[in-house]
Amino acid sequence: MTPTRVAIAGSTGSIGTQTLEVIRAEGPDRYDVVALGVGSSAEQLIEQAREFRTTVVAVADERRRAEVAAALPDVEVVAEQSDLVEPSDVVIN
């Protein structure tokens, strides 16, 4: 069975972090976190992206976006949360 591809807009907020807790408990066989988005919480987003091997991250704050891009050279870093939709089966917002 192919894992469900999940995107989380607001991954550092309470709903986002709780969603990631559920995904950790369920395991990578059920869910693949393909995209994460934040307003400006760069440090926590970087940790999440590394843990879940995310391929796309959205960062609304331009200055923080550059910081994230430097820390995650193999990840596509975008500005718009709407860019999280395409690579996913389910979006949590």
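This report describes the fold, the nonpolar cores and several individual residues of a predicted model.

## Overall fold

The protein chain contains 3 helices and 5 strands. Followed along the sequence, these elements appear in the pattern β-α-β-α-β-α-β-β.

The C-alpha trace of the protein chain extends over about 40 × 25 × 20 Å along its principal axes. The radius of gyration is 12 Å, in agreement with the value near 12 Å that a compact globule of 93 residues would have. If one considers contacts between residues at least 6 apart in sequence, 52% of them join residues at least 24 apart.

## Surface and charge

Of the 93 residues in the protein chain, 39% count as buried. The chain exposes about 5,300 Å², and carbon and sulfur atoms supply 47% of that area.

Among the side chains of the protein chain, 8 are positive and 16 are negative. The centres of these two sets lie 3 Å apart.

## The nonpolar cores

The largest nonpolar core has 17 residues, and the members that touch the most others are Leu36, Leu45, Val57 and Val68. At least two residues of this core come from each of strand 1 (4–9), helix 1 (14–26), strand 2 (31–38), helix 2 (42–52) and strand 3 (56–59). Helix 2 provides the largest share, with 5 residues. Apart from this core lies another one, of 8 residues, which includes Ala7, Val56, Ala58 and Leu84.

Val68 illustrates how a member of the largest core is surrounded. When residues up to four places away in sequence are not counted, Val68 touches Ala42, Leu45, Ile46, Val57, Val59 and Val77.

## Two buried residues of helix 1

Ile23 is found in helix 1. The relative accessible area of Ile23 is 6%, so this residue is classed as buried, the limit being under 20%. Setting aside residues up to four places away in sequence, Ile23 touches Val6, Ile8, Tyr31, Val33 and Phe52. Although Ile23 and Val6 are 17 residues apart along the chain, their C-alpha atoms are separated by 9.4 Å.

Thr19 is likewise found in helix 1. Thr19 counts as buried because its relative accessibility is 16%. Not counting residues up to four places away in sequence, Thr19 touches Ile8 and Ile92.

## Ile92 in strand 5

Ile92 has its place in strand 5, which covers residues 90–92. Its relative accessibility of 25% is the reason why Ile92 counts as partly exposed.

Which residues is Ile92 in contact with, leaving aside its neighbours within four places in sequence? They are Val6, Ala7, Ile8, Ala9, Ile15 and Thr19. In the case of Ile15, the two residues are 77 apart along the chain, while their C-alpha atoms are separated by 8.3 Å.

## Arg53 in a loop

Arg53 lies in the loop between helix 2 and strand 3. Is this residue buried or exposed? Arg53 counts as exposed because its relative accessibility is 72%, and the limit for this class is over 50%.

The backbone of Arg53 also deserves attention. Its phi is near 55°, which is a positive value in a residue other than glycine. Most residues other than glycine have a negative phi.

Conventions. Residues are numbered from 1 along each chain as its sequence is written. This is a predicted model: local features need pLDDT of at least 70, side-chain atom pairs count only at pLDDT 80 or more; totals for chains, interfaces and linings use all residues. Side-chain values use heavy atoms; hydrogens and water are left out. A nonpolar core is a set of buried Ala, Val, Leu, Ile, Met, Phe, Trp, Tyr and Cys residues joined through side-chain atoms within 4.5 Å. Buried means under 20% relative accessible area, exposed over 50%, partly exposed in between (1.4 Å probe, protein chains only). Helices (H or I, at least four residues) and strands (E, at least two) are DSSP runs, numbered from the N terminus. Contact means heavy atoms within 4.5 Å. The radius of gyration is taken over C-alpha atoms; the globule rule is 2.2 Å times the number of residues to the power 0.38. Accessible areas come from the Shrake-Rupley method with a 1.4 Å probe; for residues, only the protein chains shown count as cover. Lys and Arg count as positive and Asp and Glu as negative; His and the chain ends are not counted. The place of a charge is taken as NZ of Lys, CZ of Arg, CG of Asp or CD of Glu.
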